[in-house]
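Please take a moment with the model shown here, and then follow the explanation below through some of its local features, its empty spaces and one of its helix contacts.

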Amino acid sequence: MAKFGGLSPFLVLFMLLSCSVTGQNVSVSEMVPAMFVFGDSLVDNGNNNHLASFAKANYFPYGIDFIGGPTGRFTNGYTVVDEIAELLGLPLIPAYVEASEDEVLHGVNYASAAAGILDATGGNFIGRIPLDEQIRNFENTLDEITGNLGADYMATALPRCIFSVGMGNNDYLNNYLMPNYPTRNQYNSQQYADLLAQTYNQQLTSLYNLGARKFVISGLGLMGCIPNILARSATGSCSEEVNSLVQLFNQNVKTMLSNFNTNLPGAKFIFVDTSRMFRDILVNARSYGFTVVDTGCCGIGRNRGQITCLPFQTPCLNRNQYVFWDAFHPTEAMNILLAKMAFNGNQSFCLSYEYQATC
């Protein structure tokens, strides 16, 4: 097995992929043919805009720093996957509901705010696109591309595409921790983490069976330290109870990915340790350029986290110094940093398994 020294395993995956795209009508500046994105509001870029949903961000001041203004991104500018796309040499990946026939060749973003691993998650927001439905939408995209370019093209291109998946946040914030949901009475914390892992396993296996081979799976961040949770604390401290739920989920996902890499032929999975990255940034905030780590740039109430950013509310001016944009979501500055840490960082933040130098 080849050794790659101090290179990020995330970057190693792209290096291996880039060796094999020559002659496949992929720009020399593009490290992969395409990226397909599955997730929630952390990476949603407009799929909820046309839904009958309370989970929308297609209004000012969301997008205040984005060249296109408000688009449905739940931040002031770039999301993590926007930055990753640029690092890969790809154009920004279009939302599924807006992607043109030509745009889908570089990938599609299926993410939906309030969506979860479980179909019932996020029901308080009415409209959302759960992961199972996101995968069905991906099947529609496959049919479209295959119809236009043929099965032979898909057979060679799809295994080299990146599949970015980040789910689970809402299964806690908008399910397990919601008082009007019964799940906390039905499952203890380990049982619920196991239920999510079992369902997630089936969903990722479905993507594999559809032809996906190169996966980047984002773990949950420190949800116990977001402004919405801090606003509920009498002391203003992070919730260790919530962070312990994150730890159980992330450990299950790591075990699942290890099994995938062992048992799924040709599969390459990377776990991005978002929780560890967040902790490092919060502890060393000033060295990363942040001065505010516990308050949203836009929002109402304690920590600006009790009510999220409202239409035409005036946000903070020094947005690049804030970790959080609103009650739940990072600023563009934080998203770009997280993307670069995952892409270029060390193995403290990205966990990979058994890469073979095949190019």
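A good place to begin is P61, which sits in the loop between β1 (35–38) and α2 (80–87). This is a predicted model, and in it the peptide bond that runs from F60 to P61 is cis, with omega near 10 degrees. Another loop, the one between β2 (107–109) and α3 (131–149), holds A114, a residue other than glycine whose phi is nevertheless positive, near 75 degrees.

From the backbone we can turn to the space left between the atoms. Rolling a probe the size of a water molecule over the atoms shows where empty space is left. One cavity of 30 Å³ or more is counted here, and the volume of the largest cavity is about 70 Å³. Its lining is made up of P33, A34, F36, L105, I145, Y153, M154, A157, L158 and C161. Sorted by class, the lining of this largest cavity has 10 nonpolar residues, with no polar and no charged ones. Helix α4 (residues 151–157) gives the most to that lining, supplying three residues.

The second largest pocket offers another view of empty space, with a volume of about 240 Å³. It is lined by 14 residues, of which Q247, N250, K254, D273 and S275 are the closest to its centre. Which helices each supply at least two residues of this lining? They are α9 (240–263) and α10 (274–283), and α9 gives the most, with eight residues. By class, the lining of the second largest pocket has three nonpolar, six polar and five charged residues.

Helix α10, met just now at the pocket, also leads to a helix contact. Two packed helices are described by the angle between their axes and the distance between the axes. For α10 and helix α11 (residues 332–344), the angle is about 120 degrees and the axes lie 11 Å apart. Because of that angle, α10 counts as oblique to α11, and the crossing in which α10 passes α11 is right-handed. On the α10 side the residues that meet the partner helix are M277, F278, D280 and I281, while α11 brings M334, L337, L338, M341 and A342 to the contact. Taken by class, the residues of this contact of α10 with α11 divide into eight nonpolar, no polar and one charged.

Definitions and conventions:
Residues are numbered from 1 along each chain as its sequence is written. This is a predicted model: local features need pLDDT of at least 70, side-chain atom pairs count only at pLDDT 80 or more; totals for chains, interfaces and linings use all residues. Side-chain values use heavy atoms; hydrogens and water are left out. On a 1 Å grid over the protein atoms alone, a cavity is a set of points where a 1.4 Å probe fits but cannot get out, and a pocket is an open set with protein on both sides within 12 Å along at least five of seven lines; lining residues have an atom within 4 Å of a point. Grid points are joined across faces, edges and corners, and a volume is the space filled by probe spheres set on the points. Helices (H or I, at least four residues) and strands (E, at least two) are DSSP runs, numbered from the N terminus. Ala, Val, Leu, Ile, Met, Phe, Trp, Tyr, Cys and Pro count as nonpolar, Asp, Glu, Lys and Arg as charged, and the others, Gly among them, as polar. Axes are lines fitted to C-alpha atoms, for helices over the stretch in contact, and angles run from 0 to 180 degrees between N-to-C directions. Angles under 35 degrees count as roughly parallel, over 145 as roughly antiparallel, 65 to 115 as roughly perpendicular and the rest as oblique. A crossing is left-handed if the near helix is turned anticlockwise from the far one by less than a right angle, and right-handed if clockwise. Contact means heavy atoms within 4.5 Å.
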